Amino acid sequence: MHEATLAENILNIALDAAEKNHAEKISKIGLTLGEMAGVEVEALTLSFDVLKKNTPADAAELLIKRVPIKATCNKCGKTFQLEHYNFFCPQCDGILILRSGRELLVDFVDCE
Ligand SMILES: [Zn+2]
């Protein structure tokens, strides 16, 4: 994942939203980011802070909601919250099916 490209996309989405709402300033941008989306939050924030200069998002804050990795076993049916994604169930060696953790979304854009 290239954080700089992602930051640019997020900024463009926010600027579009501001334009549609005839807003002059963007105050907050809400993101949902899965633990497995492969995004470095720090790198993303840094890139965003550089890109937002001299745009209506100059003072915008990124509010990032992390989504944990959850997977369900196809054998015992249990759902686990994982630190790192495994392919096999920690209890019965069944195969884990990913339920969440890959999300990468702009939730909302708050304008003034
Ligand atoms: Zn299992």
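Is Cys111 buried, exposed or partly exposed, and how many C-beta neighbours does Cys111 have inside 10 Å? Cys111 counts as partly exposed, because its C-beta neighbours inside 10 Å number 19, and the buried class starts at 20. Keep in mind that this is a predicted model.

**Around Cys111 and Ala23**

Cys111 sits in strand E6, which covers residues 104-111. Leaving out residues up to four places away in sequence, Cys111 touches Ala17, Ala18, Asn21, Ala23, Lys25, Ile26 and Ser27. Take Ala18 from that list: 93 residues separate Cys111 and Ala18 in sequence, yet their C-alpha atoms are 6.2 Å apart in space.

Ala23 tells the story from the other side. You'll find Ala23 in the loop between H1 and strand E1 (26-34). With residues up to four places away in sequence set aside, Ala23 touches Ala18, Cys111 and Glu112. The C-alpha atoms of Ala23 and Glu112 are separated by 5.8 Å, with their positions 89 residues apart along the chain. Ala23 is partly exposed, because 17 other C-beta atoms lie within 10 Å.

**How H1 and H2 meet**

Now for the helices. H1 spans residues 3-20 and H2 spans residues 41-51; their axes come within 8 Å and cross at roughly 55°. That crossing makes H1 oblique to H2. As for handedness, the crossing of H1 and H2 is right-handed.

Which residues do the meeting? On the H1 side there are Glu3, Ala4, Leu6, Ala7, Glu8, Ile10 and Leu11, and on the H2 side Ala43, Leu44, Ser47, Phe48 and Leu51. Sorted by class, the contact of H1 with H2 has 9 nonpolar, 1 polar and 2 charged residues.

H2 has a buried side, with Leu44, Ser47 and Phe48 all buried. These residues are on the same side of H2 because they cover an arc of only 100° around the axis. There's a textbook rule behind this sort of pattern: an α-helix has 3.6 residues a turn, so residues three or four places apart point the same way. The buried residues of H2 pack against H1 and strand E2 (61-67). On the face of H2 turned away from the buried side are the exposed residues Glu42 and Val50.

**Phe48 and Leu96**

Phe48, in helix H2, deserves its own look. Phe48 counts as buried because it has 23 C-beta neighbours inside 10 Å. If you skip its neighbours within four places in sequence, Phe48 is in contact with Ala7, Ile10, Leu11 and Leu62. Ala7, Ile10 and Leu11 are among the H1 residues that meet H2, and Leu62 falls in the residue range of strand E2 (61-67).

Over in strand E5 you'll find Leu96. Leu96 counts as buried because 22 C-beta neighbours lie inside 10 Å. Discounting residues up to four places away in sequence, Leu96 touches Ala71, Thr72, Cys73, Asn86, Phe87, Phe88 and Cys89.

Thr72 makes a handy reference point here. How far from Thr72 is the C-alpha atom of Phe48? The two C-alpha atoms are separated by 35 Å, at 24 residues apart along the chain. Leu96 is also 24 residues from Thr72 along the chain, but here the C-alpha atoms are separated by 5.3 Å.

The C-alpha distances mentioned so far are gathered below.

| Residue pair | Separation along the chain | C-alpha to C-alpha distance |
|---|---|---|
| Phe48 and Thr72 | 24 residues | 35 Å |
| Leu96 and Thr72 | 24 residues | 5.3 Å |
| Cys111 and Ala18 | 93 residues | 6.2 Å |
| Ala23 and Glu112 | 89 residues | 5.8 Å |

**Two loop residues with positive phi**

Most residues other than glycine have a negative phi. Asn54 goes against that habit, with a positive phi near 60° in a residue other than glycine. Asn54 belongs to the loop between H2 and E2. Asn54 counts as exposed because it has 7 C-beta neighbours inside 10 Å.

Asp93 is another case: its phi is positive, about 70°, although Asp93 is not a glycine. Asp93 lies in the loop between strand E4 (79-82) and strand E5 (96-100). Asp93 is exposed, because 10 other C-beta atoms are within 10 Å.

Note on methods:
Residues numbered from 1 in each chain as written. Predicted model: local features only at pLDDT ≥ 70, side-chain atom pairs only at ≥ 80, totals over all residues. Axes fitted to C-alpha atoms, helices over the stretch in contact; angles between N-to-C directions. Helix = DSSP H or I, 4+ residues; strand = E, 2+ residues; numbered from the N terminus. Parallel < 35°, antiparallel > 145°, perpendicular 65-115°, else oblique. Left-handed = near helix turned anticlockwise from the far one by under 90°. Contact = placed C-beta atoms within 7 Å. Nonpolar A, V, L, I, M, F, W, Y, C, P; charged D, E, K, R; others polar. Buried ≥ 20, exposed ≤ 12 C-beta atoms within 10 Å, placed from the backbone. Arc of directions from axis to C-beta.
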